[in-house]
Amino acid sequence: MAENPINVQEVLKGAHFPARGKDLARVAEDNHASNDVVRRLQEHSKDTYKTPTDVEREVFGKG
């Protein structure tokens, strides 16, 4: 399922960058993200992202 970039930005609200996928998954869970979003971030747990846009591009195939 492709996530809307606005939704991705919302579930990452409060995240500090650079950040690892595992940390972003925790932020997303705290922001009540869908199970799919959390799972996809967990799959990239060891990857480091500099910006939310990097997350959209790398994890969700946007941009």
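Is A15 buried or exposed? Keep that question in mind as you open this predicted model, and begin the tour by selecting A15, which sits in the loop between helix 1 (5-11) and strand 1 (19-20). With a relative accessible area of 17%, A15 is buried, because a residue counts as buried when that value is under 20%.

Now show the neighbours of A15. Leaving aside residues up to four places away in sequence, A15 touches L24 and V27. If you then add T53 to the selection, you will find its C-alpha atom 13 Å from that of A15, although the two residues are 38 residues apart along the chain.

Next, select helix 2 (residues 21-30) together with helix 3 (residues 35-43), whose axes come within 7 Å of each other and cross at roughly 165°. An angle over 145 degrees counts as roughly antiparallel, and helix 2 and helix 3 are therefore described as roughly antiparallel to each other. As you turn the view, look for the handedness of this pair, since helix 2 passes helix 3 in a left-handed crossing.

To see where these two helices meet, display the side chains of G21, K22, L24, A25, A28 and E29 in helix 2, which are in contact with V37, V38, L41 and Q42 in helix 3. Colouring these residues by class would show six nonpolar, two polar and two charged residues in the contact of helix 2 with helix 3. L24, which you have already met as a neighbour of A15, is one of the helix 2 residues in this contact.

Keep helix 3 on the screen and add helix 4 (residues 52-60), so that you can compare the two axes, which come within 10 Å and cross at roughly 90°. That angle makes helix 3 roughly perpendicular to helix 4. Here the contact is formed by V37, R40 and L41 from helix 3 and by V55, V59 and F60 from helix 4, and by class it holds five nonpolar residues, no polar ones and one charged residue.

Stay with helix 4 for the last stop. Which of its residues are buried? Select D54, V55, E56, V59 and F60, which are the buried residues in helix 4, and then bring back the surrounding elements, because the cover over these residues includes helix 1, helix 2, helix 3 and strand 2 (48-49). Finally, move on to G61, which follows helix 4 and has a positive phi, near 65°.

Terms used
Residues numbered from 1 in each chain as written. Predicted model: local features only at pLDDT ≥ 70, side-chain atom pairs only at ≥ 80, totals over all residues. Heavy atoms only, no water. Axes fitted to C-alpha atoms, helices over the stretch in contact; angles between N-to-C directions. Helix = DSSP H or I, 4+ residues; strand = E, 2+ residues; numbered from the N terminus. Parallel < 35°, antiparallel > 145°, perpendicular 65-115°, else oblique. Left-handed = near helix turned anticlockwise from the far one by under 90°. Contact = heavy atoms within 4.5 Å. Nonpolar A, V, L, I, M, F, W, Y, C, P; charged D, E, K, R; others polar. Buried < 20%, exposed > 50% of the residue type's maximum accessible area, 1.4 Å probe, protein only.
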